[in-house]
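Biologist: Before I use this model in any calculation, I would like a close look at one turn of the chain, with its surroundings described with care.

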Amino acid sequence: MTQHTDLPSDLLPTTVRKFFAAHIARDADTASSFLAEDAVIVDQDETFRGREETYAFLRDAGSEFAYTTEQIGAHRVDDAHWVVTVRLEGTFPGGVAELDYRFALRDGLVAELVIANHPA
């Protein structure tokens, strides 16, 4: 059962909010502008490093599927670490997924993003 948190989107750091909005809109140019030069993105155990790899990931991730994204939770770990939980529904295998986007911020940018299944 999914537990929704009480942290509304407007209480997330601006960088996280704007990155996430661009990522959901599949706007890789804008989303990548919120990443540090040496950013790392880990998605389901695949790692992307630096501008070129992270941009390619943001541009191509999920492009073969149609899906909707709904934020169902968010919380602050500490000043530099935030987690946004989303529910995806679409044409990908299984049709439904709940994922945690774990952000690590540095100097106002996303230094690391780990995307993983949300624990049941």
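Biologist: Where is aspartate 107 found?

Modeller: The model is predicted, so local features are given only at pLDDT of at least 70 and side-chain atom pairs only at pLDDT 80 or more, while totals for chains, interfaces and linings use all residues. Residues are numbered from 1 along each chain as its sequence is written, and side-chain values use heavy atoms, with hydrogens and water left out.

Aspartate 107 lies in the loop between β5 and β6, where strands are DSSP runs of E with at least two residues and helices are runs of H or I with at least four, numbered from the N terminus. Aspartate 107 is exposed, at a relative accessible area of 75%; exposed means over 50%, buried under 20%, and partly exposed in between, with a 1.4 Å probe and protein chains only. The backbone of aspartate 107 deserves attention, as its phi is near 50°, a positive value in a residue other than glycine. Most residues other than glycine have a negative phi.

A second residue to set beside this one is glutamine 44, a residue other than glycine whose phi is likewise positive and near 50°. Glutamine 44 sits in the loop between β1 and β2, and with a relative accessible area of 40% it is partly exposed. A positive phi, near 70°, also belongs to glycine 62, which follows α3.

Returning to the strand that leads into the loop of aspartate 107, we meet aspartate 100, placed in β5. Aspartate 100 is buried, its relative accessible area being 5%, whereas aspartate 107 is exposed. The side chain of aspartate 100 is joined to that of threonine 85 by a polar contact of 2.5 Å, that is, a pair of N or O atoms within 3.5 Å, one able to donate a hydrogen and the other to accept it, with sequence neighbours counted only if both atoms are side-chain atoms. Leaving aside residues up to four places away in sequence, aspartate 100 touches (heavy atoms within 4.5 Å) Val83, Val84, Thr85, Val114, Ile115, Ala116, Asn117, His118 and Pro119.

On the far side of the loop, β6 is one of the elements against which the buried residues of α3 pack, the others being α1, α2, β1 (35-43) and β2 (46-49). Those buried residues of α3 (50-60) are Gly50, Thr54, Phe57 and Leu58.
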